[in-house]
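Q: I am new to this structure and would like to learn how to read its strands and helices. Could the features be taken up in turn?

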Amino acid sequence: MTAPPSKHDALHALFHPRAVAVIGASDDTTKHGYIVLTNIRATGFTGGVYGISRRLTEIEGIPCLPDIGSAPEPIDAAFLAIPADAAVQAVRDCARAGLKAVIVGSAGYAESLDAGGAERQRELQRIAAEEGIRIVGPNCNGMYNAHFPISVGFNTSHAKRQTPGGISIFSHSGALFDAMAGRLAMLGAGLSLFASAGNEADLSVLDYMEYALTHAPTRVIALLIDSLDDGARFRRLALEAHRLGKPVVALKIGGSEAGAAAAVAHSSRLAGDDAAYRALFRASGVATVQTLEGLMTAAALLDRYGRRPGGLGALSTSGAGASLIADRCAALGVRLATLSPRTHAAIDARKVFSRIGNPLDLGIFGGMRKSGDVPRHLLTDPDVSVGLALVHSMNPWQGDPYRAAMGAAREASGVPLLLVTPGGLPAAEQETYRRLGIDLFTDTDILLEGIGALMTPDPDAPEAASDITPPVLPARPLTEPESLRLLYGFGVTVVPAQECASAAEAMTAAGRLGFPVVLKGVAEGVAHKSDLGLVHVGLRDADAVARAYAATGCARVVVQTLVRGELEAIAGVSRSDGVGLVLIAGLGGIFAEALRDTVTLPIPSSRAAVEAAIAGSSLGRVVASPRWRHPGAGKALIDLLLGLQNAALALGDRLQAIDINPVILGAGGATAVDALVVPAA
């Protein structure tokens, strides 16, 4: 028996088939069985094409066969244009006929309200595992390889010959293919590969992404995703893409409550926590956008210019335009370059009035004839990696020196110079800019999304995990003493404490630790002890300890030092669907719910990444404030978070969550005074 093909070999056969078939071929021009079949020929495929139909012998010159097993040549892939209840057996027939891949276009699987839909999807998964055939979908609309060329799908753009280029698009949504392909064409960019992942019964977006890493014509990978099935694998693939010089840009949908519900409705996938996905993308060096237009604009710019980490140097012909750019950069998270003293001095010497800045108002220089070298000084600043100018149509006496200055600045700096013209430009002016190698756009926010993608920082490079053998976890949440002991073993600073089995032991422990103390009842399976009256704070003598022990009603208690500090924080680890374990920290106490300002980082993250994330948060701004009196607490907090991360790395798949609430910050550094470790189910 021949061994089943690997995923890579099956995907190669899918995107470069010798022959293809459409099961459920039809002569009804409104049916997918007709549309897919005729699209294959219309887009230039030169291999064998067959319709599978028991009643037809040909459709517009394309031969039809009664079954997939009667083909006169090897068929590598097939599109199933038949209902869901018939598709399962058809996939099995294709496997036994030697096909390497099938595209299941029909809906009616896990995304449906049909009670049998989920079972049909599980059956497809069983066939893939048993027979070795790879399955695209179900509930998808096909694929495209613009270089081969081959188009197998029913979207409007599947009927068109797409311009070959460097951008591969992998999407959970197939219906948006036409919008994405059309936008690429508007941008003058070309398509490499496209695949609609659908429900991902077998092949996932990550499988297509991995294939694109070795697909030579692909230079940029664009992802439109509801969720991921393996965050750790995504990060590995993104890092490999970075190493190969193939930028990845992602549009994650389902971030709102309504969007998440829509994602489940159309594809059966949970959208997952938006903050966790943003953290994963950031750590992986993956550019992110918020709109479909931004996704294609970012992909086109990355294909044209490659990654350009750094800052934006922006110009406008008015102060209002400069302010507008600054506002939109702040809203979209696009970093404006910090100009060097040398750049400031060179530009400042040309000004007529006002102060210079970035974005730069060219109106303060009294006309370009007097200050034609100002754009060059801006774009050659060491921190400027991309240039942006907001322009309008100009009379020749204004426009000619302006365009000459812009062309000279682009030539001298070598950085991309992009113009946004909200009101448009006459054709002659557009052509002049294009001859100078300057790209034009009309939508400020969409262009800034693309620029933000160009300037995406390098991926995080976390240190190697600590080599600590983790303890065996019980099949229940750990008690507080158990949780604190476990975390202490990974370098987390915890409150001094002693577990006691009697009032006498508790009183002795309190005397040893020093009054005042805290006494807590130990009860298995109880996450929120305060709600049950199990926490007694500020006990100042042995009698108070004895009364508190009796009040808990617990056989065992823990006595702790009362840790004093000036600020409460929260820290923890959570398992996010599709992403995996993430590290979380933020202000605690009354601020936790009021501000909802936490930072999220994927695990693992480097110390530098943790420090940067905390520095940008409200918690970080407090501990870095000149009024904060305990400078060592900030470093201690980072150490505590890295200890938490070490625990998460050691426990791995056995861990669901860790909660430290609160962490007390003050003269004693950062101390965990309450903790809960929850094993995975």
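A: This is a predicted model. A suitable starting point is strand β6 (residues 101-104), which pairs with β5 in the parallel sense over 4 bridges.

Q: What holds paired strands together in general, and which residue of β6 is the bridge partner of A77?

A: Strands of a sheet pair through backbone hydrogen bonds, and the pairing is either parallel or antiparallel. Here, A77 has A101 of β6 as its bridge partner. Strand β5 is also joined to strand β1 (residues 19-23) by 4 bridges, and these two strands run parallel. Within that pairing, A21 is matched with A78 of β5.

Q: Are the residues on the two sides of β5 buried or exposed?

A: Strand β5 (residues 77-80) is covered on both faces. A77 and F79 lie on one side, A78 and L80 on the other, and all of them are buried.

Q: What is the strand order in the open sheet of 7 strands?

A: The order is β9-β8-β11-β10-β12-β13-β14, and the pairing is mixed. The edges are formed by β9 (150-153) and β14 (287-288); each has a single partner strand, so one side of each is left without a neighbour in the sheet.

Q: How many bridges join β10 to β11?

A: Strand β10 (residues 164-171) and strand β11 (residues 191-196) run parallel and are joined by 5 bridges. One of the residue matches pairs F170 with A195 in β11.

Q: Which strands do helices α6 and α9 lie across?

A: Helix α6 (residues 205-213) lies across β10, β11, β12 (220-225) and β13 (248-252), and runs at about 175° to β12. Helix α9 (residues 274-283) lies across β12, β13 and β14, and its angle to β13 is about 175°.

Q: At what angle do the axes of α21 and α23 cross?

A: Two packed helices are described by the angle between their axes and by the distance between those axes. For helix α21 (residues 607-615) and helix α23 (residues 632-651), the axes come within 10 Å and cross at roughly 125°. The two helices, α21 and α23, are therefore oblique to each other. Their crossing is right-handed.

Q: Which residues make the contact between α21 and α23?

A: From α21 come R607, V610, E611 and I614, while α23 contributes K635, L637, I638, D639, L641 and L642. The residues of this contact divide into 6 nonpolar and 4 charged, with no polar ones.

Conventions. Residues numbered from 1 in each chain as written. Predicted model: local features only at pLDDT ≥ 70, side-chain atom pairs only at ≥ 80, totals over all residues. Heavy atoms only, no water. Pairing = 2+ DSSP bridges. Contact = heavy atoms within 4.5 Å. Axes fitted to C-alpha atoms, helices over the stretch in contact; angles between N-to-C directions. Parallel < 35°, antiparallel > 145°, perpendicular 65-115°, else oblique. Left-handed = near helix turned anticlockwise from the far one by under 90°. Nonpolar A, V, L, I, M, F, W, Y, C, P; charged D, E, K, R; others polar. Buried < 20%, exposed > 50% of the residue type's maximum accessible area, 1.4 Å probe, protein only.
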